[in-house]
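Biologist: I'm new to reading protein models. Could you walk me through this one?

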Amino acid sequence: MSSGMSEDKISFAGTSEDSDSDHDSELLPKIRKRRSPEQTLLPSIFIKSLFFLLGLILGITIATIVSQQIQQGIEMDLDRQCAMRTSQYSPVLNEVDHAYSITSFNGSFMKEVVYRLQGSPRVDAAWEALGIEYRASIIPENEGIASGLTKHHVQRAKKYGGGFFVNVEGLHHLHCLNLVRKSLYFNYNYYKAIGDDAFDIEENIFKSHLTHCLDIVRQVLMCNVDNGVLGQVWTHQPNTKQPQAFPDFNTRHKCKNYEAVRVWAEAHQVPPDEELPADYIAPWDTDDVIPYIP
Ligand SMILES: *[C@@H]1O[C@H](CO)[C@@H](O)[C@H](O)[C@H]1NC(C)=O
């Protein structure tokens, strides 16, 4: 009976001011022994709070990591959707990485990267490393049709698995730019003299090839018109005392993953001509043949 009373009193003491300290000190040992619910509750509340806090911290940490992952996933997916939405369909789209990355252009006016140097084996090797001379690839028939080809386009013989012969557009564009480079007034004689394939041909055909290439590059640049802007910097130019404004071409760009496309094209090449069986290419039908060079 008395212990019931004291329990009440202690529980009150916890919340109100009117505790009697004499009473408490007298009762405490007894109560500890009896392990009243309130006495065991106090440490358990502390432990619970501790667990709650730890759980909260753990929860927040996990939530942060998960949301970062999701965010990254969404961004990757947005890049992918962007590429899919703004590209002509091709199976390459499904098979390459679509993460865009911030790239600084090298727009240096005076300092020359290898691609723009006077024609030489070293410069040619640098251009060729971009994959511009790769052999054609084969894509499955249904993928070819989905990519805009027709049954009249050149195909592999059914006995070798069928499908269409294709080259990746972006690599062809660079092939074209490379021909324009080789044809620059300070390179032309060099490539003519070494008997470069493109130059070892009747002049009017060479010119058609060259102007075709120039105009393809024009169309690619217009198709992908860059909305970025160029600023100007102050610089000392030859023969000027005062600094002059000069465009700064070293600009930031959001670029597709060129390397991923190059690797695709490299990996999907058909074997070299000399290794191909004579019947590798499916023969043409009369109605496949068009009466002019496209
Ligand atoms: C551009 O390339 C040249 C030659 O490699 C180099 O000297 C120069 O620092 C580069 N400029 C920038 C802005 O990267």
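Biologist: Which exposed residues sit on the face of helix 10 turned away from its buried side?
Modeller: Keep in mind that this is a predicted model. Exposed here stands for 12 or fewer other C-beta atoms within 10 Å. On the face of helix 10 turned away from the buried side, the residues that fit are Glu259 and Ala267.

Biologist: And within what arc do the buried residues of helix 10 fall?
Modeller: Helix 10 has Val261, Arg262 and Ala265 as its buried residues. Look down the helix axis and they line one face, because they fall within an arc of 100 degrees.

Biologist: What do those buried residues of helix 10 pack against?
Modeller: Part of the answer is a strand, namely strand 2 (137-139). The rest is helical: the buried residues of helix 10 also pack against helix 4 (91-95) and helix 7.

Biologist: Which helices each supply at least two residues of the largest nonpolar core?
Modeller: That core has 9 residues in all: Val92, Val96, Ile132, Tyr134, Val168, Leu171, Leu174, Val261 and Ala265. In soluble globular proteins, nonpolar side chains tend to be buried together. The helices giving at least two residues each are helix 7 (169-182) and helix 10 (258-267).

Biologist: Which residues does valine 168 contact, leaving aside its neighbours within four places in sequence?
Modeller: Valine 168 is itself a member of the largest nonpolar core. Skip the neighbours within four places in sequence, and its contacts are Val92, Val261 and Ala265.

Biologist: Is tryptophan 234 buried or exposed?
Modeller: You'll find tryptophan 234 in strand 4 (residues 231-235). It has 9 other C-beta atoms within 10 Å, and the cut-off for this class is 12 or fewer. So tryptophan 234 is exposed.

Biologist: What distance separates the C-alpha atoms of tryptophan 234 and alanine 245?
Modeller: Leaving aside neighbours within four places in sequence, tryptophan 234 is in contact with Pro243 and Ala245. Along the chain, tryptophan 234 and alanine 245 are 11 residues apart, while their C-alpha atoms are separated by 4.6 Å.

Biologist: Which residues surround the ligand?
Modeller: By class, the shell has 1 nonpolar, 3 polar and 1 charged residues. By name, the ligand is surrounded by Asn106, Ser108, Lys111, Val113 and Asn250.

Biologist: Over which residues is the pLDDT below 50?
Modeller: Across the protein the mean pLDDT is 88, and 86% of the residues reach 70 or more. Where pLDDT is low, the predicted coordinates should not be read in detail. The stretch with pLDDT below 50 is residues 1-22.

Note on methods: Residues numbered from 1 in each chain as written. Predicted model: local features only at pLDDT ≥ 70, side-chain atom pairs only at ≥ 80, totals over all residues. Core = buried A, V, L, I, M, F, W, Y, C linked by C-beta atoms within 7 Å. Buried ≥ 20, exposed ≤ 12 C-beta atoms within 10 Å, placed from the backbone. Helix = DSSP H or I, 4+ residues; strand = E, 2+ residues; numbered from the N terminus. Contact = placed C-beta atoms within 7 Å. Near = placed C-beta within 6 Å. Nonpolar A, V, L, I, M, F, W, Y, C, P; charged D, E, K, R; others polar. Arc of directions from axis to C-beta. pLDDT = per-residue confidence, 0-100.
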